[in-house]
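Work through the exercises below with the structure open. Try each task before you read its solution.

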Amino acid sequence: MSDALTPDAVHLGLDLGTQSARAVAVDGTGRVVGAASRPLTGRRDGPRHEQDPAQWWSALSAACREALAGVEAGRVRDVAVDATSGTILLAAPDGTPLTAGLMYDDGRAGDCADRVNAVGAPVWERLGYRSMQPSWALPKLLWLLERDRPPAGARLLHQADLVTWRLAGRQVPSDASHALKTGYDLLAERWPEEELSALGVPAALLPEVVRPGTVVGEVCAEAVAATGIPAGTPIVAGMTDGCAAQIGAGALEPGAWNAVLGTTLVLKGVSPHPVRDPAGVVYCHRGPEGTWLPGGASSSGAGVLTRRFPGADLSALTAEAAATASKGAMSSTGSAGSAGSMGSAGSMAVTYPLVGDGGERFPFRARQATAFTLGQPAGTAGEFHACLLGVACLERLCFDYLDRLGAPVSGPLHLTGGGTRNRYWSQLRADVLGRRVLLPEQAESAVGMAVLAATASGVALRDAAAAMVRVREELEPDPDRTRRLLPVYLGFVDELARRGWLEEQVAAHAHGKART
């Protein structure tokens, strides 16, 4: 083992999420030796979602100081930062924010997105994501330029760029992961200058871009007092929060996947080649070591529980739902849309777990999609179980969709996110998928950045992950339960197709996979 991964070495991962800023110090064996977080607040109003960029630095600095309070300075070797994907701002030449931070889901740039897609269609098609959504960074950049008309010398910053600038005391290169949604060409590894110029984006506005894992600078003296990070600590180019969580889970070999179940469900995998999706719902990041990281983010997930069962004791509901499900009493009748399939599964109820009202984005794109329930759940516990089962069915459909695109999906599957705290739910997901799942001990975005930071000395990312990522538990599927749940899944798929949201070819592929 190299010196960078000795037990005494400490690697620092910094994570900027939607609701909090988090710092985690991890030693060379994967033990967390310090961790802290601070809350973040934002402003939401319809499609508007903004945060104050100054808050990012103050919150992360405070979290760093607390996380490192008990760590000897000489043990800290490196640091990396992740942030939300597509969050941007404009800054003055000295790094002072000129605008609010437009968050990852700010949707005010619809008209600009149409123009971006008209001008850059050939590039986006070649890159495999076909078109940009209004919440992506490039449409939002155009929106900012048209509204604010920034002064000469202004800079575009991704959310993580503001932090690395403060850490280094100067602007350092951005990483290709955060730059993806701003239009960075991951194949040519450059900005598409002709298209950006046609859109009115000045070349001087854009940052230099490097691959994740590249050392881009060192922590400056001014940042020491704010963060507690020793001066001279190498700063490693990071990745977006979803990719960071994938690293934190240790899902790094081709065919491996990380399924993050939080408010929504996000899947990230590893492929030796780019995965191209004609529908544009799957897109690829470029991994630190030449691999490709395909994935997609659903609008469905665990958020359906807080929306449908506000204030409920979810642990008690889980226990009741599990007991009732084991007796086969979760639904009294089959579904109208898929009576044959549902009936053959004992008429178990299942809910399409859409969280909000904005439609679905993965594994299909349908703005008109709304939540529904097949079958008639037996009481509150039945409704709760139908939601748990719906997430599991949607997850299996995601993998069937990825398989249809040619993505390798047969490798290890890691489950992370808040949903994994519910062990029954994790087992249910394993049963619906019909495959073994791994539950990492400390899988979170900040841990992923600590692992990536550990590569600063030249250690391979897979080696760093092998040393630092621990698996808490492995769950094997129950073959009998998988067999009983399969008709429920197929009925769920058929209903999505019947409503016109899911392509018939995708539904047929799911049925074909079920027969293998």
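The protein chain has 17 helices and 22 strands. The model is predicted.

**Exercise 1. Compare the radius of gyration of the protein chain with that of a compact globule.**

Solution.
- Step 1: start with the length. The chain has 516 residues, and a compact globule with that many would have a radius of gyration near 24 Å.
- Step 2: take the value for the chain. The radius of gyration is 23 Å, which agrees with the globule.
- Step 3: add the dimensions. Along the principal axes, the C-alpha atoms fill a box of roughly 65 × 50 × 40 Å.
- Step 4: look at burial and contacts. Of the 516 residues, 60% count as buried. Among contacts with a separation of 6 or more, 73% join residues 24 or more positions apart.

**Exercise 2. Decide how many disulfides the count gives, then check Cys220 and Cys393.**

Solution.
- Step 1: recall the cut-off. A disulfide needs two cysteine sulfur atoms within 2.5 Å.
- Step 2: test Cys220. Its closest cysteine sulfur is in Cys64, 13 Å away, so the two are too far apart for a bond.
- Step 3: test Cys393. Its closest cysteine sulfur belongs to Cys398, at 11 Å, which is also too far for a bond.
- Step 4: read the total. The count comes to 0 disulfides.
- Step 5: check the surroundings. Buried means under 20% relative accessible area. Cys220 has 13% and is buried. Cys393, at 1%, counts as buried too.

**Exercise 3. Describe the lining of the second largest pocket.**

Solution.
- Step 1: take the volume. The second largest pocket holds about 290 Å³.
- Step 2: list the lining. There are 14 lining residues, and Arg396, Asp400, Leu433, Arg435 and Lys513 lie nearest the centre.
- Step 3: assign the elements. Helices H12 (379-404), H16 (479-498) and H17 (504-515) each give at least two lining residues. H12 supplies the largest share, 4 residues.
- Step 4: sort by class. The lining of this pocket has 6 charged, 5 nonpolar and 3 polar residues.

**Exercise 4. Find the cavities of 30 Å³ or more and describe the largest cavity.**

Solution.
- Step 1: count. The whole structure has 3 cavities of 30 Å³ or more.
- Step 2: take the volume. The largest cavity encloses about 70 Å³.
- Step 3: name the lining. It consists of Arg126, Leu127, Tyr129, Leu180, Leu186, Leu187, Pro274, Arg276, Cys284 and Trp292.
- Step 4: sort by class. The lining of the largest cavity has 8 nonpolar residues, 2 charged and no polar.

**Exercise 5. Explain why helix H8 is largely enclosed by the rest of the structure.**

Solution.
- Step 1: locate the helix. H8 spans residues 241-249.
- Step 2: count buried positions. H8 is largely enclosed because 8 of its 9 residues are buried.
- Step 3: name them. They are Gly242, Cys243, Ala244, Ala245, Gln246, Ile247, Gly248 and Ala249.
- Step 4: look just past the end. Gly250 follows H8 with a positive phi of about 80°.

**Exercise 6. Examine the backbone at Arg130, Arg149 and Pro363.**

Solution.
- Step 1: set the expectation. Most residues other than glycine have a negative phi, and most peptide bonds are trans.
- Step 2: take Arg130. Its phi is positive, near 65°. Arg130 sits in the loop between H2 and H3. At 36% relative accessibility, Arg130 is partly exposed.
- Step 3: take Arg149. Its phi is also positive, about 45°. Arg149 lies in the loop between H3 and strand S9 (155-158). With a relative accessible area of 68%, Arg149 is exposed.
- Step 4: take Pro363. The peptide bond from Phe362 to Pro363 is cis, with omega near 15°. Pro363 is in the loop between strands S18 (350-352) and S19 (372-374).

**Exercise 7. Is Ser135 buried or exposed, and what does Ser135 touch?**

Solution.
- Step 1: place the residue. Ser135 is in the loop between helix H2 (110-127) and helix H3 (137-148).
- Step 2: apply the cut-off. Ser135 has a relative accessible area of 18%, so it is buried.
- Step 3: list contacts. Beyond four places in sequence, Ser135 touches Gly86, Tyr104, Asp105, Asp106 and Lys140.

How values were computed: Residues are numbered from 1 along each chain as its sequence is written. This is a predicted model: local features need pLDDT of at least 70, side-chain atom pairs count only at pLDDT 80 or more; totals for chains, interfaces and linings use all residues. Side-chain values use heavy atoms; hydrogens and water are left out. On a 1 Å grid over the protein atoms alone, a cavity is a set of points where a 1.4 Å probe fits but cannot get out, and a pocket is an open set with protein on both sides within 12 Å along at least five of seven lines; lining residues have an atom within 4 Å of a point. Grid points are joined across faces, edges and corners, and a volume is the space filled by probe spheres set on the points. Ala, Val, Leu, Ile, Met, Phe, Trp, Tyr, Cys and Pro count as nonpolar, Asp, Glu, Lys and Arg as charged, and the others, Gly among them, as polar. Buried means under 20% relative accessible area, exposed over 50%, partly exposed in between (1.4 Å probe, protein chains only). The radius of gyration is taken over C-alpha atoms; the globule rule is 2.2 Å times the number of residues to the power 0.38. Contact means heavy atoms within 4.5 Å.
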